[in-house]
Amino acid sequence: ATQYSDVLVAECTNALQWFERAWTCVLNMRGVDALHLKHVRADSTLERLVHDRSLWFRLRKTSSPFVLKVPDDEVVDGSGRRKRSGRSLNALKLHLKAFRAHGDVVFEAVPTCEHVSAVLEALAMKADRFKTTGNASAAYLHPANEMAISAMAKANHFLMRRLLVAGETAAIEVGVLDRGRYYSMIQSYDQRYAAYSPGRLLLWHLLNETDEVKFFDFLPPNQPHKTEWTEWSTDVLDYVIPLTLRGRIFAFYLRHVRRRLVDTFNDLPSPLRRMLSRLKTILY
């Protein structure tokens, strides 16, 4: 569901030389008309090592919100954590109180033996939400997504948290933890409990109760349910680099046509979007 365009190169004095040689080989590959670089982070190795971007066309700019985890009662300037207002916290507490009317509410770490079933449940809740709203997502609808996510879950690469109400799953958070840095990959919730903001409640718990998470990266795109937790973010950009005439035509399509198709699809009435989604018309 999330893939960055970047390069892996050892941090040493030869890094730039190695990269430039590899980059030249890529640009001279036969049969390649264009390079489409999606989700290039501003703090990526690719951004740092490429100095000449005169042939790079920017397609889209978004950002990846992040939080340096500190307690709610602390104010740390420049931490990336915005001290939530009393009104916002009270709203979450009211949601939690109302939620408990449906049964016992439990926040839990998903045991590794249940990771595969948990991600399948999270993806099913995502699919249900797409069906309800009529939205489409090439990442989530692509058959390879479920296989890749399930394989990562089977290999115990994930950190998972789950919110249960009366023993049933209300929300699931799936991410990757590496040396205290957490990457939030999947946030799903049961549509039946949408009025109680189960996803926000689970995030609240994760940000405040999970000691091993020191840096919380929401990943792009920048959306309100992410930025409500923080004012800090890292720029993330999409590029296209045409190498041939056909590549320039492809670049024109990406820059001027595709975005309009996506916007037109999003502006359609929900019933029509749902019908098109069922026909697997994917515009993203």
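What follows walks through the fold, cores, ring pairs and charge pairs of this structure, which is a predicted model.

Starting with the overall picture, the protein chain carries 10 helices and eight strands. Of its 284 residues, 39% are buried. Contacts that reach across the sequence are well represented: taking pairs at least 6 residues apart, 72% of the contacts join residues at least 24 apart.

On to the nonpolar interior. The largest nonpolar core has 24 residues, and Phe99, Leu163, Leu201, Phe216 and Trp229 are the ones with the most contacts inside it. At least two residues of this core come from each of α3 (86-99), β4 (159-165), β5 (168-178) and α7 (198-209). Helix α7 supplies the largest share, with six residues. Another core, of 15 residues, lies apart from this one, and Val110, Ala118, Met125 and Met185 are among its members.

Phe99 gives a good view of how the largest core is put together. Leaving out residues up to four places away in sequence, Phe99 touches Val105, Leu163, Val165, Ala170, Tyr193, Tyr196, Pro198 and Leu201. Two of the names there, Pro198 and Leu201, also turn up among the buried residues of α7, along with Leu202, Leu203, Trp204, His205, Leu206 and Leu207. As for the geometry of α7, its 12 residues should span 16 Å at 1.5 Å a residue, and the C-alpha atoms at its ends are indeed 16 Å apart.

Met125, from the other core, sits in helix α4 (residues 115-133). With a relative accessible area of 10%, Met125 counts as buried because that value falls under the 20% cut-off. Its contacts, setting aside neighbours within four places in sequence, are Thr169, Ile172, Ser188, Tyr189 and Asp190. For one of these, Ser188, the sequence separation from Met125 is 63 residues, yet the two C-alpha atoms are 6.0 Å apart.

Turning to the rings, a search of the whole structure comes up with nine aromatic pairs. One of them is the stacked pair of Phe19 and Trp23, with 5.7 Å between centres and 20 degrees between planes. Why do Phe19 and Trp23 end up about one helical turn apart? Both belong to helix α1 (residues 15-27) and are four residues apart, so about one turn of the helix separates them. More generally, an α-helix has 3.6 residues a turn, so residues three or four places apart point the same way. Both rings belong to buried residues: Phe19 has 7% relative accessibility, and Trp23 has 16%. The pair is also part of a cluster, in which ring pairs link Phe19, Trp23, Trp56 and Tyr239.

Charges come into the ring story too. Arg53 lies over the face of Trp56, 5.6 Å from the ring centre, and Trp56 is itself a member of the aromatic cluster. Elsewhere, the charged end of Arg181 is placed over the ring of Phe215, at 4.0 Å from its centre.

Both of these arginines also take part in salt bridges, of which the count comes to 16. Arg53 pairs with Glu47 through their side chains, at 2.7 Å from N to O. Within that pair, Glu47 is buried at 13% relative accessibility, whereas Arg53 is partly exposed at 28%. Arg181, for its part, belongs to a salt-bridge network together with Arg41, Asp43 and Asp217. Inside the network, the side chains of Asp43 and Arg41 meet at 2.9 Å, N to O. Here the acid is the partly exposed partner, with Asp43 at 47% relative accessibility, while Arg41 is buried at 8%.

A further salt bridge leads back to α7. Arg200 forms one with Glu228, and the closest N and O atoms are 3.0 Å apart. Since Arg200 lies in helix α7 and Glu228 in the loop between α8 (224-227) and β8 (233-242), the bridge ties together parts that are 28 residues apart in sequence. Arg200 itself is partly exposed, with a relative accessible area of 23%. Helix α7 thus combines this charged link with the six residues it gives to the largest core.

Technical notes: Residues are numbered from 1 along each chain as its sequence is written. This is a predicted model: local features need pLDDT of at least 70, side-chain atom pairs count only at pLDDT 80 or more; totals for chains, interfaces and linings use all residues. Side-chain values use heavy atoms; hydrogens and water are left out. Rings of Phe, Tyr and Trp (its six-membered ring) pair if their centres lie within 6.5 Å; planes under 30 degrees apart count as stacked, over 60 as edge-to-face and the rest as tilted. Buried means under 20% relative accessible area, exposed over 50%, partly exposed in between (1.4 Å probe, protein chains only). A charge sits over a ring if NZ of Lys or CZ of Arg is within 6 Å of the ring centre and within 35 degrees of the ring normal. A nonpolar core is a set of buried Ala, Val, Leu, Ile, Met, Phe, Trp, Tyr and Cys residues joined through side-chain atoms within 4.5 Å. Contact means heavy atoms within 4.5 Å. A salt bridge is a side-chain nitrogen of Lys or Arg within 4 Å of a carboxyl oxygen of Asp or Glu. The expected span of a helix is 1.5 Å times one less than its number of residues.
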